[in-house]
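Thanks for making time this morning. I would like to take you through one structure, beginning with its sheet and ending with its charged pairs.

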Amino acid sequence: MQTTAHCVLFVDDDADVREAAQQTLELADIRVEVFADALSALARLRKGWSGVVVSDIRMPKMDGLEFLTEARKIDGEMPIVMITGHGDIATAVRAMHDGAFDFIEKPFDPDLFIDITKRAISHRQLVLENRTLKVELARHSKNVSGFIGQNPAMEKLRTLIGNVASTNAHVLINGETGSGKEVIARNLHEMSGRSGPFVAVNCGAMPEQLIESELFGHEAGAFTGADHKRIGKFEFADKGTMFLDEIESMPLALQIKLLRVLQERALERLGSNRVQPIDLRVVAATKIDLRDAASRGEFREDLYYRLNVVQLHIPPLRDRKDDIPLLFEHFARDAAHRFDRPTKPITPAEQATFNAHDWPGNVRELRNAAERRVLGLDPLANGKDDSNTEIASLPQQVDAFEKGVICEALREHGGNVTATVMTLGLPRKTFYDKLTKYGITPADFRKPRSSTDAEPAR
C-alpha cells in the first residue's frame with residue numbers, strides 16, 4: 001500500500017522526540033507534520049482529512065486526552081494514536097475508551113512505531129473509501145425530483161455534487177426561480193455526513209429589521225423587545241449546513257457580518273461581546289449573476305469570492321425538455337398517491353404542448369401542472385377558470401407541435417437560421433412564414449456568453 005498519499009500529524013512538546021519521530025517516519029516513506037502543542041495541531045485538522053494523528057498525552061495547556069476529545073468532534077473516525085512516557089496504563093486505557101486507535105509507551109521502538117502508524121493509515125484509507133462508496137450509492141439511489149432526468153447538463157450537475165458533497169467547501173447555487181435550488185442544497189447536506197441540522201433561510205422573505213437577529217441571535221436586553229436570549233439560525237446550524245436562499249437580497253451591512261463568520265468560523269450574538277465558535281458549511285443560492293451585482297456595488301465582492309468556492313448551475317427546464325416526461329411522470333405518481341386518484345400517460349398532443357411551453361416557473365411549475373392534470377384540470381391553465389377550459393382542437397394541437405419542433409431546432413443550433421432550416425428540411429421562405437405565424441424570434445435562442453457552470457474561486 002502506498003503511504004505517501006497520506007500524512008501523519010505528530011504532536012509532542014519535546015523537540016528531541018519530534019525530531020526523532022520525523023526522521024523515523026520519513027525513512028519509512030511516510031509524510032509527517034510535527035507540532036509542539038495540541039492547539040496548533042487542532043487548527044490543522046478538518047473533517048475528511050486523509051491523514052492520522054500521533055499525539056503525546058502529557059502536554060501543557062491542552063493535554064493529549066483533551067486533544068483526543070476535540071479532534072474526534074471534528075471527525076469521529078480519525079485514527080489517533082496516543083503516546084505516554086510514564087507507563088500510565090490507566091491513562092492509556094481511558095484514551096482507548098475515549099476513542100484512541102492505539103497507544104505506545106516512550107521510549108518507543110521505531111519498528112513498532114512504524115507498524116502502528118501504518119495500521120492507522122490503512123484503517124483511515126478504508127474509512128474514507130467507505131465514505132466515498134456511501135456518497136456514490138446515495139448519488140445513484142437517491143430518488144429526488146431535482147435529480148430526475150438524463151439530460152447531459154443534469155448528469156454533469158450530479159457529478160459535481162458527488163465530488164463536493166463530502167467536503168466542507170462552501171457552495172453557490174445559481175438557477176432560476178423554481179429550478180430546485182433547495183433540493184440540491186438538501187442533498188448536499190444529506191450526502192455530506194455532517195452531524196448538525198440543515199437550516200434554510202430565505203433572505204428575500206425576511207424583514208430587514210429582523211434578519212440580523214434571526215441569523216445571529218441576541219442576548220436579553222440587546223434591543224427593545226428582546227426579553228430573553230435567542231439562538232440565531234447560524235448558531236443553531238452548528239456542525240450542519242446553512243442554506244441561504246436569495247442571498248442577493250441580504251443587506252450589505254449583514255454581508256459584512258456573514259463574511260466574518262465564514263472567515264473566522266465564529267460569531268457574536270447581538271448585545272454580546274462573547275465570540276461563539278461554530279462549525280458551519282454555507283450553501284447560498286441566487287437567481288442573478290452575483291459577480292455582475294458585485295461589479296455594480298449591489299453585492300460585496302469579497303463575500304462573492306468567499307462563497308464561490310464551488311458554483312453549481314441548474315439549467316432551466318426549457319433547456320432540458322427531454323427530461324419533462326420523466327419529471328412529469330414522477331410528479332403525477334406522487335400527486336395520484338396523495339389525492340387518491342388514478343394516473344394516465346401523457347398523450348402525444350400534451351407532450352407537444354409541453355414542449356412548446358417555456359416553463360418560466362421551471363420544475364415547480366411542472367409539478368403544479370402534473371397535480372392539476374391528476375385532478376382533472378387543465379395542466380397549463382395558469383389561473384384561468386378551470387370550469388371553462390376546453391380540449392384543444394386538432395389544428396391547435398398540430399400548431400403547438402409544429403411550434404415546439406421549430407423552437408427545439410432553433411435552441412439546438414443557438415438561433416442559427418441556416419442550420420435550423422437545413423435540419424428541418426424547409427424552404428427558407430416557408431420557415432420565415434412559420435416564424436411570423438407563431439411569433440418566434442430566432443435571436444431569442446442565441447446562447448448568451450456566460451461565465452458559469454463551475455467557475456473556480458478567486
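What follows is a short tour of this structure, which, please keep in mind, is a predicted model.

Let me begin with the sheet. Five strands form an open sheet, and if you follow the order across it you read S7-S8-S11-S6-S12, with parallel pairing. The edges are taken by strand S7, residues 198–202, and strand S12, residues 310–313, each of which pairs on one side only. Going from one strand to the next, the twist averages 20°.

At the S12 edge, the partner is strand S6, residues 171–174, and the two run parallel, joined by four bridges. If you want a place to look, Asn174 stands opposite His313 in S12. Packed on this sheet is helix H7, residues 181–192, which touches S6, S7, strand S8 (241–245), strand S11 (281–286) and S12, and whose direction makes about 165° with that of S11.

Staying with S11, which residue there deserves a closer look? I have chosen Val282, which has its place in that strand. Is Val282 buried or exposed? Its relative accessibility is 0%, so Val282 counts as buried. Leaving aside residues up to four places away in sequence, Val282 touches His170, Val171, Met242, Leu244, Leu262 and Leu307. As for the backbone, the C-alpha atoms of Val282 and Thr241 are separated by 5.8 Å, although these residues are 41 apart along the chain.

Now for the charged pairs. As a general matter, side chains of opposite charge can pair when their charged atoms come close. A search of the whole structure finds 30 salt bridges, and I will pick out a few of them.

One of them brings together the side chains of Arg318 and Glu176, at 2.4 Å from N to O. Arg318 lies in the loop between S12 and helix H13 (324–339), while Glu176 lies in the loop between S6 and H7, so this pair ties together parts that are 142 residues apart in sequence. Arg318 has 25% relative accessibility and therefore counts as partly exposed, and Glu176, at 26%, counts as partly exposed.

Another salt bridge is formed by Asp319 with Arg411, where the closest N and O atoms are 3.8 Å apart. This pair, too, links distant parts of the chain, with Asp319 in the loop between S12 and H13 and Arg411 in helix H16, 92 residues apart. Here the cover differs between the partners: Asp319 is partly exposed, with a relative accessible area of 44%, whereas Arg411, at 15% relative accessibility, counts as buried, the cut-off for buried being under 20%.

A local case is the salt bridge in which the side chains of Arg338 and Asp334 meet at 3.0 Å, N to O. Why is their separation about one helical turn? Because Arg338 and Asp334 are four residues apart in helix H13. Arg338 counts as partly exposed at 41% relative accessibility, and Asp334 counts as partly exposed at 29%. There is also a network of salt bridges that links Asp12, Asp56 and Lys106.

Finally, a word on the surface. Phe339, Leu375 and Leu377 form a nonpolar patch there, with about 200 Å² of accessible area together. Of these residues, Leu375 has its place in the loop between helix H15 (362–374) and helix H16 (394–412), and at 35% relative accessibility Leu375 counts as partly exposed.

Notes:
Residues are numbered from 1 along each chain as its sequence is written. This is a predicted model: local features need pLDDT of at least 70, side-chain atom pairs count only at pLDDT 80 or more; totals for chains, interfaces and linings use all residues. Side-chain values use heavy atoms; hydrogens and water are left out. Two strands pair if DSSP finds at least two bridges between them. Axes are lines fitted to C-alpha atoms, for helices over the stretch in contact, and angles run from 0 to 180 degrees between N-to-C directions. Contact means heavy atoms within 4.5 Å. Patches are made of residues with over 30% relative accessible area and no salt bridge: like charges are joined within 9 Å, nonpolar side chains (Val, Leu, Ile, Met, Phe, Trp, Tyr) within 5 Å. Accessible areas come from the Shrake-Rupley method with a 1.4 Å probe; for residues, only the protein chains shown count as cover. A salt bridge is a side-chain nitrogen of Lys or Arg within 4 Å of a carboxyl oxygen of Asp or Glu. Buried means under 20% relative accessible area, exposed over 50%, partly exposed in between (1.4 Å probe, protein chains only).
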